[in-house]
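Please take a moment with the sequence and the model below before reading on. The paragraphs that follow lead through the helices and then the surface.

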Amino acid sequence: MFKQIGPMEIVLILAVLVLLFGAKKLPELARGSGRALRIFKSETKGLIDDDEDDKTTATTVKAVEEKPATLPSDVVQPTRPTAYDKHTDTP
């Protein structure tokens with residue numbers, strides 16, 4: 001797109017800008033454009049980061065949901081109350 005713009009076109013565009021806004025307002029216009037572009041880039045980056053966080057969270061939730069809850073093999077669950085459960089004074 002910009003390959004077709006030569007030095008004469010750039011001079012013409014600058015002349016039109018000076019005529020429209022005046023020489024004093026051009027730095028303010030450039031500063032405002034730069035600030036707007038910086039905000040746009042940061043918001044775009046924030047949206048991309050949010051999408052990546054959502055994908056990571058969804059993947060983690062799927063991994064947790066797919067893995068069944070199992071106890072380690074060395075833990076034995078009692079099937080009925082033991083003598084230890086009957087004594088309430090034990091810590």
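Helix α1 covers residues 7–21, and because each residue adds 1.5 Å, its 15 residues should span 21 Å, which agrees with the 21 Å between its end C-alpha atoms; the expected span is 1.5 Å times one less than the number of residues. This is a predicted model, in which local features need pLDDT of at least 70 and side-chain atom pairs count only at pLDDT 80 or more, while totals for chains, interfaces and linings use all residues. Residues are numbered from 1 along each chain as its sequence is written, and side-chain values use heavy atoms, with hydrogens and water left out.

Just after α1, glycine 22 takes a positive phi of about 85°. The chain holds three helices and zero strands, where helices are DSSP runs (H or I, at least four residues) and strands are runs of E with at least two, numbered from the N terminus.

Of the 91 residues in the chain, 1% are buried, a word that means under 20% relative accessible area, with exposed over 50% and partly exposed in between (1.4 Å probe, protein chains only). Valine 16, placed in helix α1, counts as partly exposed because its relative accessibility is 40%.

Leu12, Val16, Leu20, Phe21 and Leu29 make a nonpolar surface patch of about 470 Å², to which α1 gives the most, with four residues. Patches are made of residues with over 30% relative accessible area and no salt bridge (a side-chain nitrogen of Lys or Arg within 4 Å of a carboxyl oxygen of Asp or Glu), and nonpolar side chains (Val, Leu, Ile, Met, Phe, Trp, Tyr) are joined within 5 Å, like charges within 9 Å. Areas come from the Shrake-Rupley method with a 1.4 Å probe, and for residues only the protein chains shown count as cover.
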